[in-house]
Amino acid sequence: GPPIVLLHGFGASLHWWDRMVPLLAGHHRVIRIDLLGFGGSEKPNTGYSMEDQGRLVALALGRLEVQGAVVVGHSMGFDVATALASESSELVDRLVAIDDAPDPSFGSLPFLAKLAFTPVIGQALRRISPDFAVEDAYESAFAPGYELGDFADQVVDDYRAMTYTSYDRSAAQSDDYGDELPLDQRVRDAAVPLLVIFGEHDQLYDAPDAAAQAYGDVPGARITIIPDAGHSPNVEKPARTARLVLDFAAESGG
């Protein structure tokens, strides 16, 4: 089947796909990338626009000789995926959005997360936050009551891997990107098939179902709500999420 490219969300890394990769790799070449400012990638002072991130992904895929891929973006990763599809259409055959509303109007971050973006206060919080506080701050990225288990260490590692600059500027640039032109419009302009996956209990949106259905004006868009999942079904419900991606990829002409 066509190659599958996995782009993680804000505050995460390529390891947020660990549970899905074995399920996808049987019949597909799977590529995961740490976006600039996250995981093992560099953390410069600039270059965090979604367009810049998309160009870096395009360069990586070019070196890997990837074309006609099914590009899956989780949260902010889907912003990058749409930028990639807009500027490098030969690389993208299909798009998959996982829990990323078309624009920032559908929800907002919890108070403590907002506080972390405040200059001086945010920088101080990053220096002094103990591991348990980091884990608590990530609770909204999953369904209520979801137990992180052995994934808790990964969450903490990914938080520590960011700099304040990459943390602050990536979030701001993501919001600016959606405000400038909603993602549903960007997908329509790119004219590629779209699959939308949302967790039923996504805590980052006031009405997750409404955020998912907002992509309904994209011609042929398929929208699926995963029960008992939150903002990160790729972590919480990997088998169900992988099956949706595999079925969608099977229809690719790549």
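This is a short tour of selections to make in the viewer, passing from strands to cores to two loop residues.

The model is a predicted one, in which local features need pLDDT of at least 70 and side-chain atom pairs count only at pLDDT 80 or more, while totals for chains, interfaces and linings use all residues. Residues are numbered from 1 along each chain as its sequence is written, and side-chain values use heavy atoms, with hydrogens and water left out.

Begin by selecting residues 92-98, which form strand 4; helices (H or I, at least four residues) and strands (E, at least two) are DSSP runs, numbered from the N terminus. Of the 7 residues in strand 4, 6 are buried, where buried means under 20% relative accessible area, exposed over 50% and partly exposed in between, with a 1.4 Å probe and protein chains only.

Add strand 3 (69-74) to the selection. Strand 3 runs parallel to strand 4 and is joined to it by 6 bridges, two strands being paired if DSSP finds at least two bridges between them. Within this pairing, Val71 stands opposite Leu95 of strand 4. Following the chain from strand 3 through helix 3 to strand 4 traces a β-α-β crossover that is right-handed, that is, clockwise along the path from the first strand over the helix to the second when the strands point away from the viewer.

Strand 5 (194-199) comes next; 4 bridges join strand 4 to strand 5, and these two strands also run parallel, with Leu195 in strand 5 as the bridge partner of Val96.

Now show the side chains of Leu7, Leu61, Val71, Phe78, Leu95 and Leu194, which have the most contacts inside the largest nonpolar core, a set of 54 residues. Such a core consists of buried Ala, Val, Leu, Ile, Met, Phe, Trp, Tyr and Cys residues joined through side-chain atoms within 4.5 Å. Helix 3 gives the most to this core, with 7 residues. Another core, of 20 residues, lies apart from it and includes Trp17, Val21, Leu24 and Phe248.

Finally, which residue in the loop between strand 3 and helix 3 (76-87) should be selected? Ser75 is the one to pick, with a positive phi of about 55° although it is not a glycine, and it is buried at a relative accessible area of 13%. Ala191, in the loop between helix 9 (183-190) and strand 5, likewise has a positive phi of about 55° without being a glycine, but Ala191 is exposed, at 63% relative accessibility. Most residues other than glycine have a negative phi.
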